[in-house]
Every structure is written in C-alpha cells, then in structure tokens.
Amino acid sequence: MAILVAAGFDADEWAQWWPLLQAALPNELLLRDRQGTAPQEIDIALVANPGAGSLRGLPALRLIQSLWAGVDRLLADASVPTDVPLARMVDPAINEAMAQTALWAVLGLQRGFFDYAVQQRERVWRQHALRRADEITVAVLGLGQTGRAVAQRLVQHGCRVLGWSRGAAALDGVACHAGERSLPNVLAQAQVVVNLLPLTPETRGLFNATRLAQLRRGASLVNLARGAHVVEADLLAALASGQLKHAVLDVFATEPLPAAHPFWSHPLVTVLPHVAAPTDPRSAAPIAARNVFALRAGRPLEHLVDRTRGY
Ligand code: NAP
C-alpha cells in the first residue's frame, strides 16, 4: 500500500518535507501525486492544504493525517471523505512557538513597544509609564494544545491569567471559566484577549461588534487562531472608537492579506503573516509517522478530530 502526500507546498517546502518524511517512514511508499498509482493502492494521506478534490475516489483510505494543527479547511472541504479517521498535528514545538508569540504580543502591549514602533516612524521621542506584568490581566480563549501552553507562559511571566474553554478546565495559576454564558464576564475583566479557539460554526465571527463591546474599554486583541473568528469591519470600528486599543493579528479573513487592506498601515494594528506557530517539519514528520505506525500495527490513532465538535 502507498501513502499519498497531498500538499499545496511550494518547491522549497517540498525540498524540506520530502527527505524528512522519507526518513521518518523508510519502509513506506510515499507518493507526491496519484499519477501512475491505482486509487485502491493508497490507504493513507498526509495532507497540508491539499488541492481541491485530491482525496476524492480513494476507496482504501484508512487515515487522513494533517500536517497542520488547524483542520477547519479540511472539514469545510466536501471532497474530503467523512468516513475516514482524520488526525491533526499535535506537536510540542507548535505549542512552544505559540507560547513565544503570545508572550511577545502581551509584552509588547504591556510595555508599549508597539506604540514605540509607531513613534519611531514619526520620529517622536516620548516615554510612557512602566506597566508591570502583574498589572495586566490576560484572557486566553481556548485552553487546548496551544492555549494551555500560552496560559502557562503568561502565568510564568507574571500576568493575571483567565482561561476560557467549552468544557471545565483546570490549570495552575489560571482562573478557568467554561461555556458561552461566562464569556461576557471573562471579556470584561481582560486588558488583553488572546484568541486560541478552533474555527467552528460556534466560534466563526465571535469577535463581532457585540462581543467587542463586551471587552473592557481600551483592551487589546491578539488573534493567533483563525482570521474568520474576527469580523474585520467591526474590529476597525472598535479601534476607531477607542473601545479597542490595539490588535495584534497573525491570521486574516483573506490570506495573504490583500495589499490594499487597511490593517497594513493602521497605527493600532500589528500584522504578522500567519507565522505565530508554523509546523516545523523536523519534529512534525516523525509525529505524523507515529500515526502511520499505529495504523499499520492496529494500535489506536492519536489526536483524532471529532467531526461533530469541529475540532
Ligand atoms: P485545540 O487543542 O483543539 O483546543 C481548542 C480549545 O478551544 C479547547 O480548549 C476547546 O474547549 C476550546 N473551544 C472549542 N470550541 C469552543 C467553544 N465553542 N467555546 C469555548 N471554547 C471552545 O486547538 P489548538 O491546537 O490549541 O489550536 C487553537 C487555534 O490555533 C486553532 O484555530 C488553530 O487553527 C490555530 N493555530 C494557529 C497557528 C498559527 O500559526 N497562527 C498555529 C497552530 C494553531 P475544550 O477544552 O472544552 O474542548
């Protein structure tokens, strides 16, 4: 049997991934495309932004292993078979990268470093009062793989940290809240909100005018999860009114962010090009291989997506 690597990689990404996947799966036949192979010979797909329809018509498929952490695009793709187990990438290296990015964003907001970047462009020498970490309350929305790592890093940094998830959670030093009814209270307490929710029908458009109005006036938003969590026009309005002080955005409704988008030059928006926690092929290739070995040996698969929950 063979493994189809269905990925929208560019040439550099293929050059990075291919030898690592081959090294991690030395006894497997890996295919970069389906040409020349009978569909019934392919029983595993390793996927990263696969082309439309690339998993259609594979009757022997028994595992779809995503090389990315987020699976919202796969779940939205009607050509991805729904009766085949779908596993997502869970890698401590992703959690560590996310914890670093969130700490950088919170530290930048705490100490005014994003304001100083604007001042530099305007040649303004102005010093702002120092704020200590323990004067900042941060709400981390989503306490999954990345959210927990982020919340823990912010506790270590000295912030007051609130966490929010669907089901009840417990995390040292974090005031955990669960369920939609508790969200207004969480948002009202935070000076910084870090979004690490999955994109599901419940969370799409969560940061709309109503939710943004529930934030404490002058709070900041750090979106490291998915662009579609935010209604961008409502975010711009909240920044214009002073309801929101600053937004640090790694993800956008349209990626790459279009050249004419107002976020690019907005003094209260810091833009990253979806780099908060990229998959590192050096650690991810062996992790993907673990599920291949588990399938071959008849052992339980790891990190399966619950399609009814949407994450
Ligand atoms: P995860 O492990 O699946 O965790 C999801 C968390 O969100 C869980 O705590 C879950 O609650 C909570 N949640 C889900 N639906 C909810 C709802 N309706 N109300 C309240 N809480 C809800 O996710 P992850 O791997 O940490 O990923 C988080 C996000 O980061 C995803 O959107 C992913 O695509 C994105 N991401 C971005 C990058 C980047 O580079 N920008 C990199 C990696 C991941 P329960 O614990 O109760 O289930």
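Trainee: What makes the pair of Arg88 and the ligand a polar contact?

Mentor: The definition asks for a pair of N or O atoms within 3.5 Å; within protein, one must be able to donate a hydrogen and the other to accept it, and residues adjacent in sequence count only if both atoms are side-chain atoms. An N or O atom in the Arg88 side chain is 2.7 Å from a ligand oxygen, so the pair meets the cut-off. This is a predicted model: local features need pLDDT of at least 70, side-chain atom pairs pLDDT 80 or more, while totals for chains, interfaces and linings use all residues. Residues are numbered from 1 along each chain as its sequence is written, and side-chain values use heavy atoms, without hydrogens and water.

Trainee: Which other residues put a polar atom by a ligand oxygen?

Mentor: Leu197 does, with a polar backbone atom at 2.6 Å. Arg226 does too, through a polar side-chain atom at 3.2 Å.

Trainee: How much of the ligand does the protein bury?

Mentor: Alone, the ligand exposes 950 Å², and the protein buries 90% of that. Accessible areas come from the Shrake-Rupley method with a 1.4 Å probe; for residues, only the protein chains shown count as cover.

Trainee: Why is the pair of Asp72 and Arg226 called a salt bridge?

Mentor: The term needs a side-chain nitrogen of Lys or Arg within 4 Å of a carboxyl oxygen of Asp or Glu. Here the closest N and O atoms are 2.9 Å apart, so the pair qualifies. The count between domain 1 and domain 2 is one salt bridge.

Trainee: Where do the domain bounds lie?

Mentor: Domain 1 is 2-91 + 279-297, and domain 2 is 92-271. The bounds come from an automatic or database domain assignment.

Trainee: What area do the two domains bury between them?

Mentor: About 670 Å², 58% of it on carbon and sulfur atoms. Buried area is the accessible area (1.4 Å probe) that two parts lose on being put together, summed over both. Asp72, Val90 and Asp91 supply 66% of what domain 1 buries against domain 2.
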